[in-house]
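Reader: I'd like to go through this one and ask you to back up the labels as we meet them. Could you put the model up?

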Amino acid sequence: MSGLRRALVALGVLAFLLGILSAALVMTSDHASPRGLLLALVLAAGWSFAFTGLYAWDRRPGNSIGPLMTAAGFTWFFQALTASNNAWVFAIGILGQTLPFAILVHLLVSFPSGRLRTRLQAVAVSLAYLATGPLQLVWALFTDPTAQADCDGCPENPVLIGGAEGVAEAVNAIQVLGGCASIALAIWILYRNWRRSSATERRVLTPVLATGGTAFTILLMQLIVGELGASEAFKQVTFIASVAIFACLPFAFLLGLLRSRIGRAEEVSSALSAENEQLTAELEAKVEELRASRHRIVEAGYAERRRVERDLHDGAQQRLMALTMTLRLAREKLDADPAASAELLDEAMEELGAATAELREFARGIHPVVLSDRGLGAALSGLAERSPVPVEIAAAPAERLPTPVESAAYFVVAESLTNVARYAGAELATVRVERRNGALEVEVRDDGEGGADPESGTGLRGLADRVAALDGSLTVHSPDGGGTTVEARIPCA
Amino acid sequence: MPKSVLIVDDHPGFRASARRMLEASGYAVVGEAADGEAAIAAAGSLAPDLVLLDVQLPDIDGFEVAARLRGLDRAPEVVLTSSRDRADFGDAVAESPARGFIAKSELSGQALAELVG
């Protein structure tokens with residue numbers, strides 16, 4: 001058991017013993033009336049505040065609501081001391097009997113944090129303590145209980161300063177005014193807190209506000225009506241009502257306090273849920289992006305196949321068709337006109353040479369053999385050699401890299417150089433391919449016109465997807481008149 | 001009098017080979033066209049007896065060209081040709097008003113003569 005819990009248990013035992021002592025005092029009192037109701041109030045309010053306060057203290061040690069509730073519980077027992085037949089005990093009871101109301105104001109305006117946050121809260125609480133502390137002391141010094149109408153058989157005041165009855169009345173009036181002002185302020189603060197609170201916070205405030213509001217109303221009635229003079233029956237009813245409500249109040253505090261913990265859990269849960277929603281949205285966006293890029297890659301695959309078919313059809317196939325016809329003609333003329341036939345055969349060989357070159361070029365477009373055989377450096381040199389625009393290879397990796405990385409880098413350079421030749425009007429292109437910071441960085445820069453729109457062509461878009469499939473990125477900078485730079489970054493551990 | 005022929009194909013290499021083959025086989029090549037619209041215009045002005053018509057043209061396809069040639073005052077006979085097989089076009093060849101189809105790989109004066117006489 002922790003030190004705090006041991007102390008709390010000790011306080012609990014003390015509260016229990018004080019309750020028993022109170023019962024003895026009340027039941028043996030010569031003047032307490034009605035005894036049953038007084039005892040009921042003291043025990044119900046004292047024990048319930050003390051025990052629920054200790055429980056709250058244990059559950060939320062960092063929150064001062066628990067200690068305040070416990071203090072309220074203990075100060076209720078001052079009421080029992082006023083039942084004592086001993087003058088000194090009676091005097092101490094008189095001194096402390098109004099303290100629970102000040103603590104109640106403190107509890108209500110500082111609920112649920114237990115801290116006073118605004119000046120208004122501090123004023124309300126200070127007024128309450130002033131009226132029930134120092135002013136009560138002054139009042140007690142000048143009040144003769146034996147002279148009070150409702151205090152038959154009360155012991156004499158051992159510290160009475162006689163001959164100044166007017167002082168007691170004046171102090172009492174100030175106390176009532178201060179008490180009323182404090183309660184009115186507290187009600188206003190509670191109402192404002194309620195107005196400003198969220199649905200979750202209201203769940204915490206509701207039980208306390210409802211019970212506390214009722215308790216305050218009864219208290220106000222007792223104060224005002226007590227001053228105006230009221231029937232015994234009315235006093236009895238309000239007294240019973242206050243016993244009931246003060247017995248309920250600590251449970252309302254406890255409920256509110258526990259709900260505030262649940263409320264906090266709900267807030268955390270709500271924050272987590274919001275974060276979760278955001279993550280889900282991000283994930284969905286990512287999935288959508290992946291789906292779109294996958295779709296484009298599949299589309300690009302089909303487009304590539306169509307291009308292969310069309311290139312074959314328009315290129316090598318047409319040459320082979322023409323070749324077939326030339327050979328057929330040559331054969332027909334072989335006997336009748338051998339010279340013409342020989343000429344046709346020469347033509348056919350020339351056509352065959354062109355078809356072969358075209359097929360070779362075509363195959364290289366599908367996959368450059370030099371890339372798989374000799375690596376990126378050699379393949380880039382080949383691209384540079386065949387480019388109609390002069391190309392300077394500023395850097396190229398000497399070592400072999402994973403095939404997809406080499407392939408993506410090669411096609412970025414190939415497509416970029418094709419674009420340079422077609423559109424840039426450049427005099428020089430510079431290619432730089434370097435391995436840096438866990439990635440292969442590819443840069444193709446030209447000194448041409450710039451103004452290229454990366455979104456317009458399918459070539460760069462397809463490349464971007466190809467690079468993105470390897471978790472890389474591709475960017476194009478092409479200011480008007482400032483040349484074009486294509487940069488790709490492909491992760492390559 | 002030899003049959004007059006218009007060659008329609010977007011590949012100049014093929015047109016040259018076809019012209020030589022047709023002329024060697026006794027046809028009179030009166031013109032060449034590289035796309036569908038040019039083919040219809042040339043057929044209108046040249047009024048050839050025969051149009052050797054590639055199916056895949058850059059603007060409109062050979063079947064469409066064949067249908068529109070059919071509407072000319074002196075509608076020429078049309079023979080479709082392609083580097084693809086006849087089967088690659090499904091029913092389109094049979095449904096076309098063209099006289100027939102000869103794959104480019106089998107194109108010869110004799111094959112043409114068998115089809116159009």
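Reader: To start with, in which hand does α5(A) pass α8(A), left-handed or right-handed?

Author: The crossing of α5(A) with α8(A) is left-handed. Keep in mind that this is a predicted model.

Reader: What makes α5(A) and α8(A) roughly parallel to each other?

Author: The angle does. The axes of α5 (residues 99-110) and α8 (residues 165-196) of chain A cross at roughly 20° and come within 9 Å. Angles under 35 degrees count as roughly parallel, and therefore α5(A) and α8(A) get that label.

Reader: Which residues meet where α5(A) and α8(A) touch?

Author: From α5(A) come Val105(A), Leu108(A) and Val109(A), and from α8(A) come Ser182(A), Ile183(A), Ala186(A), Ile189(A) and Leu190(A). By class that makes seven nonpolar, one polar and no charged residues.

Reader: Why is α5(A) called largely enclosed by the rest of the structure?

Author: Because 12 of its 12 residues are buried. A residue needs 20 or more other C-beta atoms within 10 Å of its own to be called buried. The buried residues of α5(A) include Phe101(A), Ile103(A), His106(A) and Ser110(A).

Reader: And how do you know that the span of α5(A) agrees with its 12 residues?

Author: At 1.5 Å a residue, α5(A) should span 16 Å, and its end C-alpha atoms are 17 Å apart, so the two agree.

Reader: How does α11(A) do on that test, with its 29 residues?

Author: Helix α11 (residues 338-366) of chain A reaches 41 Å from its first C-alpha to its last, close to the 42 Å expected. As for burial, the buried residues of α11(A) are Leu344(A), Ala348(A) and Glu351(A).

Reader: What makes α1(A) and α3(A) roughly parallel to each other?

Author: Helices α1 (residues 3-27) and α3 (residues 65-81) of chain A pack at an angle of about 20°, with their axes 9 Å apart. The label goes to angles under 35 degrees, so α1(A) and α3(A) are roughly parallel. Their crossing is left-handed.

Reader: Which residues of α1(A) and α3(A) meet?

Author: On the α1(A) side they are Leu11(A), Ala15(A), Leu18(A), Ser22(A), Leu25(A) and Val26(A); on the α3(A) side, Thr70(A), Gly73(A), Phe74(A), Phe77(A), Ala80(A) and Leu81(A). They divide into nine nonpolar, three polar and no charged.

Reader: Why is Ala408(A) called buried?

Author: Count its neighbours: 25 other C-beta atoms lie within 10 Å of Ala408(A). The cut-off is 20 or more, so Ala408(A) is buried. This residue is in helix α14 (residues 403-424) of chain A. Leaving aside residues up to four places away in sequence, Ala408(A) touches Arg466(A), Val467(A), Leu470(A) and Ile490(A). Its C-alpha is also separated by 9.8 Å from that of Ala469(A), 61 residues apart along the chain.

Reader: Now the loops. What makes Asn437(A) exposed?

Author: Asn437(A) has 9 other C-beta atoms within 10 Å. A residue with 12 or fewer is exposed, so Asn437(A) qualifies. Its place is in the loop between β2 (429-436) and β3 (439-446) of chain A. Its phi is near 50°, a positive value in a residue other than glycine.

Reader: Then why is Ala47(B) called partly exposed?

Author: With 15 other C-beta atoms within 10 Å, Ala47(B) falls between the two cut-offs, 12 or fewer for exposed and 20 or more for buried, so it is partly exposed. Ala47(B) is in the loop between α2 (36-46) and β3 (50-54) of chain B, and its phi, near 45°, is positive in a residue other than glycine.

Reader: How many helices and strands does chain B have?

Author: Chain B has five helices and five strands, running β-α-β-α-β-α-β-α-β-α from the N terminus on. Chain A has 15 helices and five strands.

Reader: Last one: how many residues does the contact take from chain B and from chain A?

Author: It takes 13 residues from chain B and 11 residues from chain A. The chain B side divides into five nonpolar, six polar and two charged.

How values were computed: Residues are numbered from 1 along each chain as its sequence is written. Chains are lettered from A and ligands numbered from 1 in the order in which they are written. This is a predicted model: local features need pLDDT of at least 70, side-chain atom pairs count only at pLDDT 80 or more; totals for chains, interfaces and linings use all residues. Two residues are in contact if their C-beta atoms, placed from the backbone, lie within 7 Å. Ala, Val, Leu, Ile, Met, Phe, Trp, Tyr, Cys and Pro count as nonpolar, Asp, Glu, Lys and Arg as charged, and the others, Gly among them, as polar. Helices (H or I, at least four residues) and strands (E, at least two) are DSSP runs, numbered from the N terminus. The expected span of a helix is 1.5 Å times one less than its number of residues. Axes are lines fitted to C-alpha atoms, for helices over the stretch in contact, and angles run from 0 to 180 degrees between N-to-C directions. Angles under 35 degrees count as roughly parallel, over 145 as roughly antiparallel, 65 to 115 as roughly perpendicular and the rest as oblique. A crossing is left-handed if the near helix is turned anticlockwise from the far one by less than a right angle, and right-handed if clockwise.
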